[in-house]
Amino acid sequence: VFISYAALQHRLFNIRVIATELFTFSLWIFIFVRTLLTDTAQERLINFGLLGFVVVFGILLIRSVIKEVEQRERLEKLTGELTVAKLGLEAANARLRELDQLKSEFLSFASHQVKTPMAVVKGFAQLIYDGTYGSVSPQVKETAHKIKDSADRMIALVNNLLDLRKIDEGKMEYKFEDLDIAGLIKSMVEEFKTLANAKGLELKFVSDKPSIKIKADSEKIRQVIQNLIDNAIKYTDKGSIKVSIKEESISKPQTLNPILITVSDTGRGMSKEMQKQAFERFTRDESVKKEIQGTGLGLYIAKIITEAHHGEIWAESDGEGKGSRFYVRLSKQ
């Protein structure tokens, strides 16, 4: 009767609960019958006390087993829900990976489609500026130069987006070879002098040696230095920009001295906070974001390339309005 009542009232059909109840009720009945059959009053009193203790103990035991069963049932239910959620999350992640792949493919396709015509536009603008099609008025020449600069910025943006995709997919490739880093930087400074002169800036190059050889990917290192010089010109309204390279002396034997490349300017400078964030992805100075165009990817990509060459890159500034200094340290090996 007790088992039937418990099963119907509390849905205690679990075999562990039923077994516990059978054991407890049997023990109660046994002690109760033993009490009735006792001859002496003293033994009957002892048996009644034992019966009371066993009843309390049995109730607590049954409740404990019921609680354990309920917890296990809740745990099984929760496990089932978690399994369903996990399957849903895995499906969502697979879909996100698929969408991310589609996004990357579309970005690559769109970038290439933009890059090719922009290169053609740049080429024609350069021909007009150089006078290949004949002499033109100063206004036309200036317009052609602006078209070329705009095309250069667009091509640089596309290259940054393509490089970002390669970095995210781990497909950035490097071709290490002998490189005269001093000669490379000197030629780049000469290329940027036209842009610097247009803003009334002095751009100069200093090297303690005419030739310094290292093992590096020339195109990737060119991209790093180009980004630093271009940024210096962008963020300098008046004054000068100095690009220098030198060998650093170290005391370790049988170790090639590293080289240090410095791009310093007299421009807008940076706050302490910005110096720490300058090389993060999509990071730009909020105070000049509307004035100076950019993606916030150039320094991030420069950092990735430098680290791939086992080097380091960092920025320093004495504060806003006091210029900036960007350093790149590379190993000769």
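This passage describes helix 5, the nonpolar cores, the salt bridges and one buried glutamine in a predicted model.

Helix 5 comprises residues 181–198, and its length can be checked against an expected value: at 1.5 Å a residue, its 18 residues should span 26 Å, and the end C-alpha atoms are indeed 26 Å apart, which agrees. The helix nevertheless carries a kink of about 40°, centred on Phe-192, a residue that also belongs to the buried set of this helix. The other buried residues of helix 5 are Ile-181, Ala-182, Leu-184, Ile-185, Met-188, Val-189 and Ala-196. Against these buried residues pack strand 1 (177–180), strand 2 (202–207), strand 3 (213–216), strand 4 (240–247) and strand 5 (259–265), together with helix 6 (218–234). After helix 5 comes Gly-200, for which phi is positive, near 75°.

The packing around helix 5 is reflected in the nonpolar cores. The largest nonpolar core contains 45 residues, and Ile-181 and Ile-261 are those with the most contacts inside it. Helix 5 supplies the largest share of this core, namely eight residues. Ile-181, when residues up to four places away in sequence are not counted, touches a set of isoleucines, Ile-212, Ile-214, Ile-221, Ile-245, Ile-259 and Ile-261. Another core, of 10 residues, lies apart from the largest one, and Ile-31, Leu-51, Val-54 and Val-65 are among its members.

Charged side chains were examined next. The structure holds 15 salt bridges, including one within helix 5 itself, where the side chains of Glu-190 and Lys-193 meet with an N to O distance of 3.4 Å. These two residues of helix 5 are three residues apart, about one turn of the helix. Because its relative accessible area is 45%, which falls between the limits of 20% and 50%, Glu-190 is classed as partly exposed, and Lys-193, with a relative accessible area of 29%, is likewise partly exposed. A comparable arrangement occurs in helix 8 (residues 298–308), in which Glu-307 and Lys-303 are four residues apart, about one turn of the helix; their side chains form a salt bridge at 2.8 Å, N to O. Glu-307 has a relative accessibility of 40% and counts as partly exposed, as does Lys-303 at 28%.

Other salt bridges are arranged differently in the sequence. Arg-329 forms a salt bridge with Glu-248, with the closest N and O atoms 2.6 Å apart. This pair links distant parts of the chain, since Arg-329 lies in strand 7 (residues 324–330) and Glu-248 in the loop between strand 4 and strand 5, 81 residues apart. Arg-329 counts as partly exposed at 23% relative accessibility, whereas Glu-248 is buried, with a relative accessible area of 16%. In addition, Lys-122, Lys-148 and Asp-152 are linked in a network of salt bridges.

Finally, a polar residue, Gln-275, was considered in helix 7 (residues 272–277). Because its relative accessibility is 15%, under the limit of 20%, Gln-275 counts as buried. A polar atom of the Gln-275 side chain lies 3.1 Å from the backbone oxygen of Ser-317. When neighbours within four places in sequence are left aside, Gln-275 is in contact with Met-270, Ala-315, Glu-316 and Ser-317.

Conventions:
Residues numbered from 1 in each chain as written. Predicted model: local features only at pLDDT ≥ 70, side-chain atom pairs only at ≥ 80, totals over all residues. Heavy atoms only, no water. Expected span 1.5 Å × (residues − 1). Bend = angle between axes of the 7 residues up to and from the residue. Buried < 20%, exposed > 50% of the residue type's maximum accessible area, 1.4 Å probe, protein only. Contact = heavy atoms within 4.5 Å. Salt bridge = Lys/Arg side-chain N within 4 Å of Asp/Glu carboxyl O. Core = buried A, V, L, I, M, F, W, Y, C linked by side-chain atoms within 4.5 Å. Polar contact = N/O pair within 3.5 Å; in protein donor to acceptor, adjacent residues only side chain to side chain.
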